[in-house]
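Hi,

Here is the structure I promised to pass on. Have a look at it first, and then read my notes below.

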Amino acid sequence: MEPPQTKGTVTPLASLFSEQEARKAASYVEERIREKREEMNRLQGFVDENDNLISLVKKLPEKLHHNIMVPFGKIAFFPGRLIHTNECLVFLGENYYTDRTSKQTVDVLRRRDKTLQSQIHSLKAEIDDFQTEASFFANTASEAAEGVLEIREEYEEEEEEDSGTVLQRGVEKEASGVTGGEAGEGEDKDDEFARIMSRLNELEMEEEQEEGEDGDDGSVEERELDVVKGLGDKTDDNGIGYEESVLEKPQYLQKEDQPRGGIPQQNAETWRDFQATSAVSRSKASSSVVGPQKIESPIQKPEAKFDTNKAFTGLIVEHTHNLETNTHGKMQPSGSQPSKPVSRFKAQRR
Amino acid sequence: MSSSMALRDLQRDLESKANDLAKIQKDIAKDHQLRKKYTIQLGENELVLKELDLLEEEANVYKLIGPVLVKQDLAEANANVRKRIEYISAELKRVDASIHDNEGQQNSKREAMMKLQQRLQSIQAGKAKA
């Protein structure tokens with residue numbers, strides 16, 4: 001088996017994010033962080049002052065009058081008395097004042113405190129955001145400096161993946177395969193064909209022994225997945241290769257439905273021929289669209305094998321009469337023709 | 001040569017556009033400041049309104065006008081604060097709109113400048129080749 005040819009890009013991180021810029025961005029963000037921190041300190045100062053004020057105002061009504069040193073101008077004090085200790089002139093904002101008792105004053109102060117706290121919270125959140133940004137930039141800068149490379153690869157199928165993801169990959173592969181190049185892969189395909197067909201033959205043998213389980217979704221899917229996995233090993237990033245493997249599946253399913261000894265073999269033979277001839281000429285888009293239809297057509301009895309073969313040519317042969325007669329639930333794709341290439345597996349699963 | 005004349009014209013054009021852009025940016029910065037101020041004032045006034053609502057009927061409300069603390073009627077104070085809030089929100093909206101316009105102008109000027117720059121570069125490249 002040839003090693004999977006990965007299409008990928010290797011780019012040094014430094015080219016994507018120049019280190020200089022990353023550092024600049026990091027320093028800019030740090031600047032913003034500093035500003036916010038100052039703001040927060042200011043607010044914290046307010047909160048502390050507020051607390052002191054609350055405790056002071058609480059203490060005032062304890063005595064009828066307090067003896068204090070009254071500030072006089074900027075530099076002098078004189079002894080005096082603080083009277084009417086329960087009354088406070090509270091500043092509300094916008095040049096508005098009001099008389100309040102100490103208790104009411106404490107309430108006002110507490111409300112102010114709440115506002116301050118909420119402001120502090122939002123500031124803190126902002127600072128955290130900036131922090132994460134800054135750390136990200138710093139990391140990028142250091143990575144770029146170290147020459148870390150960013151390696152992108154097209155998603156490859158792997159052997160150990162479980163069945164669920166195989167179906168997913170099917171969809172992705174088809175999607176990526178559409179963009180892949182078709183040129184110059186004819187020879188690869190033929191080789192793969194041979195391998196795929198031999199694998200299929202093995203599976204058919206097993207299947208015949210097992211005496212086919214109609215309507216057993218589980219085993220059918222397992223088999224399908226085995227086939228796909230086996231194919232996956234052999235296919236490279238070649239979208240066509242995978243599509244062919246997918247297309248083989250309907251054929252395989254057909255065999256499942258008709259556990260007759262000789263016919264699957266025959267089908268395989270004729271189908272292989274058709275595959276070989278149609279492989280190069282087939283366009284991917286059409287084949288993926290043909291998929292659901294193909295799934296339906298193979299449901300027929302042995303005589304349908306002829307239809308199947310027809311369906312596997314590069315032409316889109318719509319067997320509308322098959323649609324109506326097709327009662328096999330598991331083969332039925334969900335009603336309408338999918339406009340985008342949906343994996344047959346998914347279609348069948350529905 | 002005509003090409004160098006065209007070059008100089010283009011450069012002068014570019015400079016004037018750059019000046020315009022700088023002016024617009026200054027305007028935008030000023031508007032931003034104004035907007036911040038208005039936002040703070042609006043917040044303050046809303047706080048005052050909240051407190052005034054919590055006051056009982058006979059409580060004394062005073063307004064500081066210059067060095068004088070003038071006694072005011074609670075209802076009157078409420079009305080004044082409300083009117084002030086409306087006024088400030090209207091101003092805020094106005095400033096927002098002006099910021100928006102200025103930003104639009106800034107973008108268009110920037111695009112024009114970029115186009116000029118590109119032309120300049122292409123001409124210079126042409127001259128260098130020749």
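Which element of chain A gives the most to the lining of the second largest pocket? Strand 4 does, with four residues. Before I go further, please keep in mind that this is a predicted model.

**The second largest pocket**

Let me stay with that pocket for a moment. Its volume comes to about 170 Å³. The lining is made up of L53(A), L56(A), V57(A), L60(A), C88(A), L89(A), V90(A), F91(A), T105(A), L109(A) and R112(A). Helix 2, strand 4 and helix 3 of chain A are the elements that each give two or more residues to this lining. Sorted by class, the lining has nine nonpolar residues, one polar and one charged.

**The largest pocket**

Now for the largest pocket, which has a volume of about 1,300 Å³. It is lined by 30 residues, and those closest to its centre are L43(A), F46(A), L116(A), Q119(A) and I40(B). The elements that supply two or more lining residues here are helix 2 (19-59), strand 4 (87-93) and helix 3 (102-146) of chain A, along with helix 1 (2-54) of chain B. Helix 3 of chain A has the largest share of the lining, at ten residues. As for the classes, you will find eleven nonpolar, seven polar and twelve charged residues in the lining of the largest pocket.

**Salt bridges**

Next, the charged pairs. Side chains of opposite charge can pair when their charged atoms come close. Over all chains, the count is twelve salt bridges, and I picked out three to show you.

One of them is within chain A: E39(A) pairs with R42(A), with 3.3 Å between the closest N and O atoms. Both residues lie in helix 2 of chain A, three residues apart, which is about one turn of the helix. Are they buried or exposed? Neither, as it turns out: E39(A) has a relative accessible area of 32%, so it counts as partly exposed, and R42(A) is also partly exposed, at 47%.

Another salt bridge is formed by R84(B) and E94(A), at 2.6 Å from N to O. This pair joins two chains, because R84(B) lies in helix 2 (residues 74-129) of chain B while E94(A) is in the loop between strand 4 and strand 5 (96-101) of chain A. R84(B) is partly exposed at 29% relative accessibility, whereas E94(A) is buried, with a relative accessible area of 14%.

The third one I chose is between E56(B) and R100(A), whose side chains meet at 3.0 Å, again N to O. Here too the pair joins two chains, since E56(B) is in the loop between helix 1 and strand 1 (61-65) of chain B and R100(A) is in strand 5 of chain A. On the chain B side, E56(B) is partly exposed, with a relative accessible area of 35%. On the chain A side, R100(A) is buried, at 7%.

**Chain B**

How many helices and strands are there in chain B? There are two of each, and along the sequence they follow the pattern α-β-β-α. Chain B has 130 residues, of which 28% count as buried.

You may also want to find K36(B), which sits in helix 1 of chain B. With a relative accessibility of 54%, K36(B) passes the 50% cut-off and so counts as exposed. How far apart are K36(B) and L92(B) in sequence and in space? They are 56 residues apart in sequence, and their C-alpha atoms are 9.0 Å apart in space.

Last on my list is a patch on the surface. I65(B), V68(B) and V70(B) make a nonpolar surface patch of about 230 Å². Of these residues, V70(B) belongs to strand 2 (residues 68-72) of chain B. V70(B) counts as partly exposed because its relative accessibility is 32%, and a residue needs over 30% to be part of a patch.

If you open the model with just one view in mind, I would go to the salt bridges that join two chains, R84(B) with E94(A) and E56(B) with R100(A). After that, turn to the largest pocket, where both chain A and chain B give residues to the lining.

Cheers

Technical notes:
Residues numbered from 1 in each chain as written. Chains lettered and ligands numbered in written order. Predicted model: local features only at pLDDT ≥ 70, side-chain atom pairs only at ≥ 80, totals over all residues. Heavy atoms only, no water. Patch = residues over 30% accessible without salt bridge, like charges linked within 9 Å, V, L, I, M, F, W, Y side chains within 5 Å. Areas by Shrake-Rupley, 256 points an atom, 1.4 Å probe, with all protein chains shown as cover. Salt bridge = Lys/Arg side-chain N within 4 Å of Asp/Glu carboxyl O. Buried < 20%, exposed > 50% of the residue type's maximum accessible area, 1.4 Å probe, protein only. 1 Å grid on protein atoms, 1.4 Å probe; cavity = no way out; pocket = protein on both sides within 12 Å on 5 of 7 lines; lining within 4 Å. Points joined across faces, edges and corners; volume = space filled by probe spheres on them. Nonpolar A, V, L, I, M, F, W, Y, C, P; charged D, E, K, R; others polar.
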